[in-house]
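The report below works through a single protein chain, beginning with one edge of its sheet and moving outwards to the fold, the interior and the surface. Please keep the sequence and the structure in view while reading.

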Amino acid sequence: MSVKIRLQRHGKKGKPFYWVVAADARSKRDGKYLEKIGTYNPNTNPATIDLNLDSAVKWLHNGAQPTDTAKAILSYKGALLKHHLDGGIRKGALTQEQADAKLNAWLDAKSGKVDAKKEGLTKAQADVKAKAFKAEQDVNAKRLAAAAQAEADAIAAATPAVEEVAEVEAEEAPATEENNETTEA
């Protein structure tokens, strides 16, 4: 029986979620499996991968062949490196302590890269929000300025009519006073 390490699809339409499983090569994609090794969620950025490293390495030691995508996931999480280092231990090229030190150094460097990416994405998202907020403030300020200008124009348009009426009344008033004086004399 040949064993494959492959992905088994779960999740709803358009939102895939995968289990990383060790399964008989003849079984269906989402069918019977021998052991669930981990999960893979490609919907997050960066993708979320939970993997039982020891179980994956055990299956690799027993001859399980990973599919292309599963191989990329195993490589990303360090299972293939651990399998490689265990081969060196079996041959006597390394001691267990040296292999563990190399694996831990690699895992620390990898987690640093992942954390840097998460931090960069968070910063980029915060920058986008700040730019959107600034643009919204600018639009609101322009809208308030336009409303104030329109109100001032409306007042200015109404005020000359009132001033013209007052000027016309002022011009007529002295003429009536002169007429009153002429009639009295």
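## The strand β4

In this predicted model, the side chains of β4 alternate along the strand, with Ile 49 and Leu 51 pointing to one face, where they are buried, and Thr 48 and Asp 50 pointing to the other, where they are not. The strand covers residues 48-51 and is joined to β3 by four bridges, the two strands running antiparallel.

Individual partners can be named along this pairing: Asn 41 has Thr 48 as its bridge partner in β4, Tyr 40 stands opposite Ile 49, and the bridge partner of Thr 39 is Asp 50. Together β3 and β4 form a hairpin, in which six residues lie between the two strands.

## The strand β3 and its other neighbour

On the pairing with β2, which spans residues 15-24, β3 is again antiparallel, here over five bridges. Tyr 18 stands opposite Tyr 40 of β3, and Tyr 40 also stands opposite Ile 49 in β4.

How much of β3 is buried? Five of its seven residues are, so the strand is largely enclosed by the rest of the structure. Among the elements of the protein, β3 (residues 35-41) also has the highest mean pLDDT, at 95, whereas helix α4 (residues 96-184) has the lowest, at 79.

## The sheet and the overall fold

The strands just described belong to an open sheet of five strands, ordered β4-β3-β2-β1-β5, in which the pairing is mixed. Its edge strands are β4 and β5 (65-66), each of which pairs on one side only. Strands of a sheet pair through backbone hydrogen bonds, and they may do so in either a parallel or an antiparallel manner.

The secondary structure as a whole comes to four helices and five strands, and from the N terminus on the elements follow the order β-β-β-β-α-β-α-α-α. The mean pLDDT of the protein is 85, with 86% of its residues at 70 or more. Where pLDDT is low, the predicted coordinates should not be read in detail.

## The buried interior

Of the 185 residues in the protein, 23% are buried. The largest nonpolar core contains 24 residues, and within it Ile 5 and Ile 37 have the most contacts. At least two residues of this core come from each of β1 (3-12), β2, β3, β4, α1, α2, α3 (79-91) and α4, while α1 makes the greatest contribution, with five residues.

Helix α1, which covers residues 53-61, has Leu 53, Ser 55, Ala 56, Val 57, Trp 59 and Leu 60 buried. Just after this helix, Gly 63 takes a positive phi of about 100°.

## The largest pocket

The largest pocket holds about 250 Å³ of space. Of the 13 residues that line it, those closest to its centre are Ile 49, Tyr 76, Lys 77, Ser 111 and Val 114. Ile 49, a residue on the buried face of β4, is thus also placed by the model among the residues closest to the centre of this pocket.

Which elements supply the lining of the largest pocket? At least two residues come from each of β4, α2 (68-77) and α4, and α4 gives the most, with seven residues. Sorted by class, the lining has seven nonpolar, two polar and four charged residues. A reading of the pocket should also take into account that α4 has the lowest mean pLDDT among the elements, 79.

## The loop between β2 and β3

Gly 31 is found in the loop that lies between β2 and β3. With a relative accessible area of 24%, Gly 31 is partly exposed, because residues count as buried only under 20% and as exposed only over 50%. Gly 31 and Arg 9 are 22 residues apart along the chain, and their C-alpha atoms are separated by 9.9 Å.

Technical notes:
Residues numbered from 1 in each chain as written. Predicted model: local features only at pLDDT ≥ 70, side-chain atom pairs only at ≥ 80, totals over all residues. Heavy atoms only, no water. pLDDT = per-residue confidence, 0-100. Buried < 20%, exposed > 50% of the residue type's maximum accessible area, 1.4 Å probe, protein only. Pairing = 2+ DSSP bridges. 1 Å grid on protein atoms, 1.4 Å probe; cavity = no way out; pocket = protein on both sides within 12 Å on 5 of 7 lines; lining within 4 Å. Points joined across faces, edges and corners; volume = space filled by probe spheres on them. Nonpolar A, V, L, I, M, F, W, Y, C, P; charged D, E, K, R; others polar. Core = buried A, V, L, I, M, F, W, Y, C linked by side-chain atoms within 4.5 Å.
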